[in-house]
Amino acid sequence: MNRDFLYIDILGFSQMVREHSEKIPKVFEIIDELSVHEHYAFHSIVFSDTIIVYNKDENKPNHYYVTYLIEFAQQLFYRLLSIGVYYRGLITYGEFESHELDNIQAYWGNALIDTYKDEKSIEGFGLFIRKDISNDILIFEKMSVGVNYDFVFLCQSYMNLYKRVHGELPINLNLLTETDEFDRIDEDLKFFREIAFLKEHYPCREVQKKYRTVYDWYKERTPKFFKTFEEQGFLPFILNPGYLGSINPFETIAEQELTTKKQEKP
């Protein structure tokens, strides 16, 4: 059976295991509480640092499945952001067999094999979707980042705000409360503060490159915002002097963790 499915790999999981990180049970608690488990049309599989979500049937149009898979990925993105964890996820369509036997859940398929290989070769992190189904994206912005995949901009409030004000700052404060279109702007700014630090200070250059790549994709798509934020910081009151946000802008998980690790070294 051909299905849409979301394949997610939690970044840095092996290191967390080696370090006996307290984040590991939190990661699984977050996964366990995702809304996907309550949706009648989808099934999920979790094994170590891998999550697979796929549609059980073909009763809906393809854009229905794609939309929900992106929303599941976005929900996971924000919840993992709260503990400083990131992932690389791919949405694809193809042969994926799933059978519930007496004692085990069996699954296989060419699309699953191809996606596993593709995930290892993609630069950056976050959510990607195969180009042959990316036209089924209805509300999220995307960007071509290779031959086969588009990058999906999960920071939806930030992208919506940029379009609404045409990149001009500061904004009218009432704009943030008149609808729920920008309700996650604080989390989006937190995300940029985190990766702005990581792309410069993470001790491994290859990992730095992942953060820098995604940072640059957002910068390319929203250049006017970035011109101001890079000069003044990704702080809530840059949007408007009267806006303080709901997240402490001066506490960065990445900086705290890397500082602690340096202090712990003999």
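This is a guided tour of one protein chain, taken from the whole fold down to single residues.

**The whole chain**

Begin with the entire chain in view, and keep in mind throughout that this is a predicted model. If you colour by secondary structure, you should find ten helices and nine strands. The radius of gyration is 19 Å, close to the 18 Å that the globule rule gives for 266 residues, so the chain is as compact as a globular protein of that length. Turning the C-alpha trace along its principal axes, you will see that it spans about 60 × 50 × 35 Å.

Now switch on the surface, which comes to about 13700 Å² of accessible area, with 49% of it belonging to carbon and sulfur atoms. Of the 266 residues, 53% count as buried. Among the contacts between residues at least 6 apart in sequence, 67% join residues that are at least 24 apart. If you then colour by charge, there are 30 positive and 43 negative side chains to pick out, and the centres of these two sets lie 6 Å apart.

**Stop one: Glu95**

Select Glu95, which has its place in strand β4, the stretch of residues 87-95. Is Glu95 buried, exposed or partly exposed? Its relative accessible area is 33%, so Glu95 is partly exposed, falling between the limits of 20% and 50%. Show the side chain of Asn110 as well, and you can trace a polar contact of 2.8 Å between the side chains of Glu95 and Asn110. Apart from neighbours within four places in sequence, the residues in contact with Glu95 include Met1, Asn2 and Trp108. To get a sense of distance, draw a line from the C-alpha atom of Glu95 to that of Pro203, which is 108 residues away along the chain, and the separation will be 39 Å.

**Stop two: Asp188 and helix α6**

Move next to helix α6, which runs through residues 185-201, and select Asp188, which lies in this helix. Asp188 has 0% relative accessibility and therefore counts as buried. What does Asp188 touch, once residues up to four places away in sequence are set aside? The answer is Tyr78, Cys155, Gln156, Ser157 and Tyr158. Look closely at Tyr158, because its backbone nitrogen lies 2.9 Å from a polar atom of the Asp188 side chain, which is within the 3.5 Å limit for a polar contact. The C-alpha atom of Val152, 36 residues away along the chain, is separated from that of Asp188 by 14 Å.

Stay in helix α6 and select Lys199. Lys199 has a relative accessible area of 12%, and because this is under 20% it is called buried. The side chain of Lys199 makes a polar contact of 2.6 Å with the side chain of Glu200. Leaving aside neighbours within four places in sequence, Lys199 is in contact with Gln208, Tyr211, Arg212 and Tyr215.

**Stop three: Pro236**

Select Pro236 in helix α9, which covers residues 236-239. With a relative accessible area of 4%, Pro236 is buried. Beyond its neighbours within four places in sequence, Pro236 is in contact with Leu189, Arg193, Tyr243, Leu244, Gly245 and Pro249. The last of these, Pro249, is 13 residues away along the chain, and the C-alpha atoms of Pro236 and Pro249 are separated by 7.3 Å.

**Stop four: backbone details in the loops**

For the final stop, turn from side chains to the backbone. Most residues other than glycine have a negative phi, and most peptide bonds are trans. With that in mind, go to the loop between α1 (13-18) and α2 (23-32), where His20 is found. The phi of His20 is near 55°, a positive value in a residue other than glycine. His20 counts as exposed, at 69% relative accessibility.

Then move to the loop between α5 and α6, and select His166. Here too there is a positive phi, about 55°, although His166 is not a glycine. With a relative accessible area of 60%, His166 is exposed. Follow the backbone on to Pro170, which is found in the loop between α5 (156-165) and α6 (185-201). Which form does the peptide bond from Leu169 to Pro170 take, cis or trans? The bond is cis, with omega near 0°.

Terms used. Residues are numbered from 1 along each chain as its sequence is written. This is a predicted model: local features need pLDDT of at least 70, side-chain atom pairs count only at pLDDT 80 or more; totals for chains, interfaces and linings use all residues. Side-chain values use heavy atoms; hydrogens and water are left out. Helices (H or I, at least four residues) and strands (E, at least two) are DSSP runs, numbered from the N terminus. The radius of gyration is taken over C-alpha atoms; the globule rule is 2.2 Å times the number of residues to the power 0.38. Buried means under 20% relative accessible area, exposed over 50%, partly exposed in between (1.4 Å probe, protein chains only). Contact means heavy atoms within 4.5 Å. Accessible areas come from the Shrake-Rupley method with a 1.4 Å probe; for residues, only the protein chains shown count as cover. Lys and Arg count as positive and Asp and Glu as negative; His and the chain ends are not counted. The place of a charge is taken as NZ of Lys, CZ of Arg, CG of Asp or CD of Glu. A polar contact is a pair of N or O atoms within 3.5 Å; within protein, one must be able to donate a hydrogen and the other to accept it, and residues adjacent in sequence count only if both atoms are side-chain atoms.
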